[in-house]
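Biologist: I should like to examine one part of this model closely and then see how that part relates to the rest of the chain. Please take a single residue as the point of departure.

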Amino acid sequence: MQRYFIYLAYDGTAYHGWQIQKNEISVAQTVEEALEKVLGTRTKVVGCGRTDAGVHALRYCANFRAETNIPMERMPLAVNSRLPD
C-alpha cells in the first residue's frame, strides 16, 4: 500500500473545520468522499493539523494510504472532478 501526499486549497466558509464532525460537514469528510468515489474504497485522510470552522487554506498538506492502478499524473484530475468548486 502506498502513501500519497496531497496539497489542498479550499474556501472553508461552508465547512466546520478540517476534522470530521458527527453532525457537520468538514473538509476531511469532503475529501474522503471524493477519494472513495475515485478509489472505490473508504480512505482515511490525515491532515497536517486541525482548523476551525470557516478557515480557508491556500496550501494545506494531507496524506492517505491507498492501493490503486490510477497513474499519479491522473489522480489530481480524478479527485478534483469529484470535489466542490
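Does Gly40 count as buried or exposed, and what is its relative accessibility? Please set the answer against the strands, the helices and the chain as a whole.

Modeller: The model is predicted, and what follows should be read accordingly. Gly40 has a relative accessibility of 66% and therefore counts as exposed, the cut-off for that class being over 50%. The residue belongs to the loop that links α1 to β2. Between the C-alpha atoms of Gly40 and Arg59 the distance is 26 Å, although 19 residues separate the two in sequence. For scale, the C-alpha atoms of the protein chain occupy a box of roughly 35 × 25 × 20 Å along the principal axes.

On one side of this loop stands helix α1, which spans residues 27–39 and includes Gln29. With a relative accessibility of 18%, Gln29 counts as buried, because the limit for that class is under 20%. Once neighbours within four places in sequence are set aside, the contacts of Gln29 are Ile20 and Glu24.

On the other side of the loop stands strand β2, residues 45–47, which pairs with β3 in the antiparallel sense through three bridges. Within this pairing, Val46 lies opposite Asn63 of β3. Strand β3, residues 57–66, is also joined to β1, residues 2–10, by eight bridges, and these two strands likewise run antiparallel. Arg3 has Arg65 of β3 as its bridge partner. As a general matter, side chains in a regular strand alternate between the two faces of the sheet.

These elements belong to a protein chain with two helices and three strands, arranged along the sequence as β-α-β-β-α. Of the contacts between residues at least 6 apart in sequence, 61% join residues at least 24 apart. The radius of gyration is 12 Å, which agrees with the value near 12 Å that a compact globule of 85 residues would have.

Gln29 is thus one of the buried residues, which make up 34% of the 85 residues in the chain. The chain exposes about 5900 Å², and carbon and sulfur atoms supply 49% of that area. As for charge, there are 10 positive and 9 negative side chains, with the centres of the two sets 6 Å apart.

Key: Residues are numbered from 1 along each chain as its sequence is written. This is a predicted model: local features need pLDDT of at least 70, side-chain atom pairs count only at pLDDT 80 or more; totals for chains, interfaces and linings use all residues. Side-chain values use heavy atoms; hydrogens and water are left out. Two strands pair if DSSP finds at least two bridges between them. Helices (H or I, at least four residues) and strands (E, at least two) are DSSP runs, numbered from the N terminus. The radius of gyration is taken over C-alpha atoms; the globule rule is 2.2 Å times the number of residues to the power 0.38. Buried means under 20% relative accessible area, exposed over 50%, partly exposed in between (1.4 Å probe, protein chains only). Contact means heavy atoms within 4.5 Å. Accessible areas come from the Shrake-Rupley method with a 1.4 Å probe; for residues, only the protein chains shown count as cover. Lys and Arg count as positive and Asp and Glu as negative; His and the chain ends are not counted. The place of a charge is taken as NZ of Lys, CZ of Arg, CG of Asp or CD of Glu.
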